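User: Could you take a close look at one part of this model for me, and then connect it to the rest of the fold?

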Amino acid sequence: MTVQEAFDKFIRSRLREGCSEKTIESYKNLTYPLRSYLGPIFEMENLRQGMIDDFIDSLYDRKKLSRSTLASYIRNARIFLRWYQQGRNLLYDASLIRVPKTPKKILRLYSPEDIQLIFDTVEASPEWLIARNKAMIALMLDSGLRQSEVAGLTMENIDFERKRLKVTGKGAKDRYVPLGRFSADMLKKYLSIRPYDLPVVFLSVHGQPISCGAIKSMTGDMQKRLPFEFSSHKLRHNFATNYLVDQYYQYGHMDVYQLMSIMGHEDISTTKRYLHEAQSIVAASNSISHLDKLFA
């Protein structure tokens, strides 16, 4: 089987598992360096461990690649090769591929002043689009929604009485997320003034369901006018970290499994990244200064 034939089957397998178009596009882009290195007509049965090592070395030789991009290329090459390896007696072992560690950066946790500035920075025309954009930002920041989940939200899945939303996440999996009072008020205001009565909640100026691209464009435009990093992902990151910190101060513990359910993660290790950051925030806030005790 050639590289191209194997990759086509790999993509079909991902589609059967319910991967989104965005995820499929990511697989295509991030496995391209490996597929280009081997060539589309290369026979997969001839692949050797040394050839994989040479490919990885070629990536390290590309000095302009960031550490995170390098790790993404290697990680996705491993995913593809492990998939092809299943049930086959081959001359390589994809489990031997080591993905390089990437620098762990603490993303900005928005202060009350930051959040106020975010909402004050929203601009759009006509006026109902301002209410729409503020409601979308509120749901990403206070309910942890992804772009696709905001775009796909329908009227029937809003439960104001029970203070929750039902959203469809990755793999077409449904889950419930919390709906705060502030976000609910923003949502109600938007729905009361939008000029269209359709089942999809968030609409374009022409009355069509909003696209993920439009949401990304909106946050990208705001990033240019804000003095700090801003994106839909950073809003979701803030939700997750604040959820654990607030949970600690209210209940005395952090339940990472509850957060995993709300975020729609399939792997607890993904959620635990937020746990580490939340714990560091609580630890720093509760620390006792030895010097202050000595020289008070």
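Analyst: Happy to. A helix here is a DSSP run of H or I with at least four residues, and helices are numbered from the N terminus. By that rule, Q147 sits in helix α7, which covers residues 147–151. Please keep in mind that this is a predicted model.

Let's stay with Q147 for a moment. Its relative accessibility is 12%, and buried means under 20%, so Q147 counts as buried. What does Q147 touch, once neighbours within four places in sequence are left aside? The contacts are K22, C212, I215, K216 and S232. Another useful distance links Q147 to G169: the two are 22 residues apart in sequence, and their C-alpha atoms lie 9.9 Å apart in space.

From here we can turn to the strands. Strand β2 takes in residues 164–168, and it belongs to an open sheet of three strands in the order β1-β2-β3, paired antiparallel. The edges are β1 (158–159) and β3 (174–178), each of which pairs on one side only. Between β2 and β3 there are five bridges, and R164 stands opposite P178 of β3.

Next comes the nonpolar interior. The largest nonpolar core has 56 residues, and the members touching the most others are I137, L165, Y190 and F202. Helix α6 (residues 127–142) is the top contributor to this core, giving 10 residues. Apart from this core lies another one of 28 residues, including I11, L38, Y73 and W83. In soluble globular proteins, nonpolar side chains tend to be buried together. Looking more closely at Y190, and not counting residues up to four places away in sequence, its partners are W128, A131, R132, A135, V201, F202 and L203.

For a second buried helix residue, try T121 in helix α5 (residues 112–121). Its relative accessible area is 9%, so T121 is buried. Beyond its neighbours within four places in sequence, T121 is in contact with M222, R225 and L226.

Finally, the surface offers a contrast. L291 belongs to helix α13 (residues 290–295), and with a relative accessible area of 54% it is exposed. Together with L294 and F295, L291 forms a nonpolar surface patch with about 370 Å² of accessible area. So, coming back to your chosen part, Q147 is buried at 12% relative accessibility, whereas L291 is exposed at 54% relative accessible area.

Key. Residues are numbered from 1 along each chain as its sequence is written. This is a predicted model: local features need pLDDT of at least 70, side-chain atom pairs count only at pLDDT 80 or more; totals for chains, interfaces and linings use all residues. Side-chain values use heavy atoms; hydrogens and water are left out. A nonpolar core is a set of buried Ala, Val, Leu, Ile, Met, Phe, Trp, Tyr and Cys residues joined through side-chain atoms within 4.5 Å. Buried means under 20% relative accessible area, exposed over 50%, partly exposed in between (1.4 Å probe, protein chains only). Helices (H or I, at least four residues) and strands (E, at least two) are DSSP runs, numbered from the N terminus. Contact means heavy atoms within 4.5 Å. Patches are made of residues with over 30% relative accessible area and no salt bridge: like charges are joined within 9 Å, nonpolar side chains (Val, Leu, Ile, Met, Phe, Trp, Tyr) within 5 Å. Accessible areas come from the Shrake-Rupley method with a 1.4 Å probe; for residues, only the protein chains shown count as cover. A salt bridge is a side-chain nitrogen of Lys or Arg within 4 Å of a carboxyl oxygen of Asp or Glu. Two strands pair if DSSP finds at least two bridges between them.
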